[in-house]
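Dear colleague,

Please find below the structure that I am handing over to you, together with its sequence. My notes on what was found in it follow directly after.

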Amino acid sequence: MTATPTDATTDRSADVVDAVDAVDAVDARVPLRRLVPLSVQHVLAMIAAPISTVFLVAGTLKMPPGATASLLSAVLLLCGAGTLLQSLGVWRIGGRLPFVMLPGGAATALFLQIAQEHGAPTAAGAVLLAAALLLAVLPLYARVVRLFPPLVMGVTVLLIGIAMIRVAAGLVTGPDGTGEPRTVLLAALTVAATLAAYVLLRGVWRQTSVLIGMTAGAVVAATTGLGTFAPAAGSGFAPPAFLPFGTPRFDLVAALPLLVFSLTTLAEITGQTVLNSETVGRTPAPERDVPRVARADALVSLAGGLFGTSLMVTSAENIGIGRLTGVRSRFVTAGAGVLLVALGLATPLSRALAGIPAAVVGGSALVVYAVIAVLGIEMLRRADLSGTGTGTMTAALALTAGLLPLLSPHLYAGFPAWARTVLGNGVVAGTLTAVLLSALLGRFRPGKPAVALPSGGVRTPLDANPSGT
């Protein structure tokens with residue numbers, strides 16, 4: 001049946017109404033009685049990430065309980081400030097979308113790797129350099145993002161997950177690499193509690209399974225003697241410590257892992273921004289919104305580098321809550337930002353949480369980084385790994401370059417220092433190999449395939465991130 005002019009006009013009017021409703025839904029004010037529980041739900045969905053990240057950093061770097069409590073306050077405050085910035089927006093900073101900000105799981109892994117190899121001040125300097133690089137490349141966004149198709153992203157995330165499983169195991173075994181039966185048992189019980197929560201629970205509670213597992217592990221440690229639960233001493237407020245690791249050191253070669261990763265986050269930010277826009281009913285405009293989201297990420301990350309954290313990133317997990325509840329308002333996540341700031345100022349809570357045993361943190365971290373490795377495999381599945389293309393060879397050689405430093409740590413011992421830093425870091429070596437081979441061998445592919453962007457983040461469904469990265 002042929003549509004009449006009246007029908008066509010009606011259809012166009014309906015489209016206009018739908019567009020207006022979508023815009024109104026994103027910018028709609030939510031009554032306080034509804035805003036509070038909806039905001040709490042968002043906080044519950046993401047709170048495991050900042051807490052587990054702080055414990056992982058503190059355990060790996062052997063930070064005392066007082067410094068751990070201060071770092072937790074800093075991370076929660078930065079999460080709250082970043083969430084407010086992304087949700088409300090200031091000038092061209094922030095996507096004005098219902099985003100929540102987290103410490104990146106994959107970025108934290110690289111931060112710790114740099115800290116272990118070159119010292120915490122160098123790791124802090126690397127965060128500042130990576131955030132500055134992200135700001136600097138935004139004018140070239142369209143060109144840079146094409147360097148990181150799913151194949152490259154998959155290799156990077158898989159190598160990060162594998163490398164950090166080794167770091168997490170070190171929290172269980174201790175610096176000598178020999179684990180006591182009681183610490184291994186405590187870590188295993190933490191993993192089991194996390195798995196049980198993930199399998200048996202649903203909705204928001206399932207998303208906090210890492211936090212539930214960590215809580216269960218801490219309770220077991222305190223009640224059975226398998227570990228020591230020692231909250232940080234002190235009273236009153238303990239504001240975040242400025243430059244907790246001392247003056248940052250800037251070493252471009254040592255910072256390469258985070259510098260490369262900061263560029264890969266542009267692909268992740270693109271996928272998340274498009275997904276969030278579609279969820280709230282807004283027509284995706286990545287050329288406008290992605291730089292705004294990335295600017296907020298970079299600016300909060302600059303602040304993070306000054307307060308002892310790694311790169312801060314927007315969260316994809318909370319987009320699922322928006323779909324589940326049907327509430328599209330960015331003021332709900334802004335409310336979550338206010339709650340996070342309040343939690344960051346709740347010093348007694350930070351002091352209590354700082355006493356969780358290292359073996360419990362290690363058990364939680366094993367789950368988190370194992371899932372990150374699996375996310376890398378899922379990204380590789382989106383790439384063309386058929387026998388007829390060049391993707392299989394690219395992935396194979398890139399993974400070989402990335403795994404060699406892990407399997408043969410002294411392979412590059414006779415090389416100059418700068419070469420050992422680049423080639424001896426599995427994430428950097430594998431990612432650079434993937435980028436170069438993808439660009440070079442791509443010329444031999446039949447046709448010219450479009451670049452696919454990931455629709456999810458480099459973070460785990462358990463909320464590690466950590467995306468993440």
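The protein has 20 helices and two strands, and please keep in mind throughout that this is a predicted model. Of its 469 residues, 53% count as buried, while the surface that the protein exposes comes to about 19,600 Å², with carbon and sulfur atoms supplying 68% of it.

One helix that I looked at in some detail is H4, which covers residues 65–88. At 1.5 Å a residue, its 24 residues should span 34 Å, and because the C-alpha atoms at its ends are 34 Å apart, the expected and the modelled span agree. Helix H4 is mostly covered, in that 17 of its 24 residues are buried, and just after the helix Gly89 takes a positive phi of about 75°.

Within helix H4 you will find Leu85, which has a relative accessible area of 18% and therefore counts as buried, the cut-off being under 20%. Which residues is Leu85 in contact with, once its neighbours within four places in sequence are left aside? They are Val90, Ile93 and Gly94, together with Ala296 and Val300. In the same part of the model, the C-alpha atoms of Leu85 and Val293 are separated by 9.2 Å, although these two residues are 208 residues apart along the chain.

I then turned to the aromatic rings, where a search of the whole structure finds three aromatic pairs. In the pair formed by Phe242 and Phe307, the ring centres are 5.6 Å apart and the planes stand at 75°, so this pair is edge-to-face. Phe242 lies in the loop between helix H11 (209–224) and helix H12 (256–279), whereas Phe307 lies in the loop between helix H13 (286–306) and strand E2 (312–314), so the pair ties together parts that are 65 residues apart in sequence. As for their surroundings, Phe242 is exposed, with a relative accessible area of 52%, and Phe307, at 25% relative accessibility, counts as partly exposed.

Another of the pairs is made by Tyr412 and Phe415, whose ring centres are 5.4 Å apart and whose planes are at 90°, so that this pair, too, is edge-to-face. Here Tyr412 is buried, with a relative accessible area of 16%, whereas Phe415 is partly exposed, its relative accessible area being 39%.

With kind regards

Notes:
Residues numbered from 1 in each chain as written. Predicted model: local features only at pLDDT ≥ 70, side-chain atom pairs only at ≥ 80, totals over all residues. Heavy atoms only, no water. Phe/Tyr/Trp six-rings, centres within 6.5 Å; stacked < 30°, edge-to-face > 60°. Helix = DSSP H or I, 4+ residues; strand = E, 2+ residues; numbered from the N terminus. Buried < 20%, exposed > 50% of the residue type's maximum accessible area, 1.4 Å probe, protein only. Expected span 1.5 Å × (residues − 1). Areas by Shrake-Rupley, 256 points an atom, 1.4 Å probe, with all protein chains shown as cover. Contact = heavy atoms within 4.5 Å.
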